[in-house]
Amino acid sequence: MALPTKLLLEIVTPDRSLVHEEVDEVQLPGAEGYLGVLPGHTPLLATLGVGELWYRVEQETHYLAIASGFGEVLPDSVTVLAQIAERAQDIDVGRAEAARKRAEERLNKNVDADIDRARIALMKSLIRIQVASRARTKV
Ligand code: ATP
C-alpha cells in the first residue's frame with residue numbers, strides 16, 4: 001500500500017474548529033517535548049502542553065498557541081483537541097503582555113499556593129507573545 005503524502009489536520013477547541021486542512025508537516029507541543037509529524041507517521045496519542053503548534057502547507061508555515069489537550073497521530077491525519085488554541089494573527093499581544101506582568105508579579109511575591117498557576121499563566125503568556133511575533137515576521 002502506498003504511503004500517504006499529505007496529512008489531514010484538524011484542530012478543535014471546546015467552542016470552535018480552527019483548522020481543517022490538508023498539510024505537509026505538523027509540529028505538536030507534546031507535554032514531554034515537541035513532536036514532528038510527517039505523512040506516514042506511526043500512530044500515537046500525545047498529551048499536549050503549553051506551546052507553539054506549527055503546520056506547513058507547501059512553503060507556507062502557520063503558527064498557533066496551544067494550551068493543554070490531546071493529539072492523535074495517524075499515518076494520514078493529525079487531530080488536536082485543545083483546551084485553548086489561538087492562531088498567531090488572532091493573538092492580542094497587549095493582553096498577553098499584561099498577563100505576563102501579572103504572572104511575574106505573582107511569582108515574585110512567592111505565595112506558595114499560587115506558584116503553579118502563576119507558572120502556567122506565565123508560560124501561556126510567553127507562548128502567545130512568541131507565536132504572535134511569528135505572524136509579524138512571517139518566518
Ligand atoms: P488572561 O489573563 O488575559 O484572561 P488567560 O491565560 O487567563 O489570559 P485563558 O483562560 O487561557 O486566558 O483563555 C480564555 C479565552 O481568552 C480563550 O478563548 C483564549 O483563546 C482567549 N485569550 C486569552 N488570552 C488571549 C490573547 N492574548 N489573545 C487572544 N485570545 C486570548
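These are questions and replies about a predicted model of a protein with a bound ligand.

Me: What makes up the overall fold of the protein?
Reply: The protein has two helices and seven strands. From the N terminus, the order of elements is β-β-β-β-β-β-β-α-α. The C-alpha atoms fill a box of roughly 60 × 30 × 25 Å along the principal axes.

Me: What makes E86, R102 and R128 polar contacts of the ligand?
Reply: The cut-off is 3.5 Å between N or O atoms. A polar side-chain atom of E86 is 2.5 Å from a ligand oxygen. For R102, a side-chain N or O atom lies 2.7 Å from an oxygen atom of the ligand. For R128, the value is 2.9 Å, again from a polar side-chain atom to a ligand oxygen. Each pair is therefore a polar contact, being within 3.5 Å.

Me: How much of the ligand does the protein cover?
Reply: On its own, the ligand has 590 Å² of accessible area, and the protein covers 64% of this. The ligand takes up the space of the largest pocket.

Me: Which residues count as the shell around the ligand, and where do they come from?
Reply: The residues around the ligand are I84, E86, D90, I91, D92, R95, A96, R102, K124 and R128. Two or more residues each come from β7 (77–87), α1 (93–109) and α2 (115–137). The largest share, three residues, is from α1.

Me: What classes of residue make up this shell?
Reply: Seven residues are charged, three are nonpolar and none is polar. Asp, Glu, Lys and Arg count as charged, while Ala and Ile count as nonpolar.

Me: Why is the pair R56 and E25 called a salt bridge?
Reply: The rule asks for a side-chain nitrogen of Lys or Arg within 4 Å of a carboxyl oxygen of Asp or Glu. The closest N and O atoms of R56 and E25 are 3.0 Å apart. The pair therefore meets the cut-off of 4 Å. R56 lies in strand β5 (residues 44–57) and E25 in strand β3 (residues 25–30), so the salt bridge ties together parts 31 residues apart in sequence. By this rule, the count is seven salt bridges.

Definitions and conventions:
Residues are numbered from 1 along each chain as its sequence is written. This is a predicted model: local features need pLDDT of at least 70, side-chain atom pairs count only at pLDDT 80 or more; totals for chains, interfaces and linings use all residues. Side-chain values use heavy atoms; hydrogens and water are left out. A residue is near a molecule or strand if one of its heavy atoms lies within 4 Å of it. A polar contact is a pair of N or O atoms within 3.5 Å; within protein, one must be able to donate a hydrogen and the other to accept it, and residues adjacent in sequence count only if both atoms are side-chain atoms. Accessible areas come from the Shrake-Rupley method with a 1.4 Å probe; for residues, only the protein chains shown count as cover. On a 1 Å grid over the protein atoms alone, a cavity is a set of points where a 1.4 Å probe fits but cannot get out, and a pocket is an open set with protein on both sides within 12 Å along at least five of seven lines; lining residues have an atom within 4 Å of a point. A molecule sits in a cavity or pocket if more than half of its atoms lie within 2 Å of its grid points. Helices (H or I, at least four residues) and strands (E, at least two) are DSSP runs, numbered from the N terminus.
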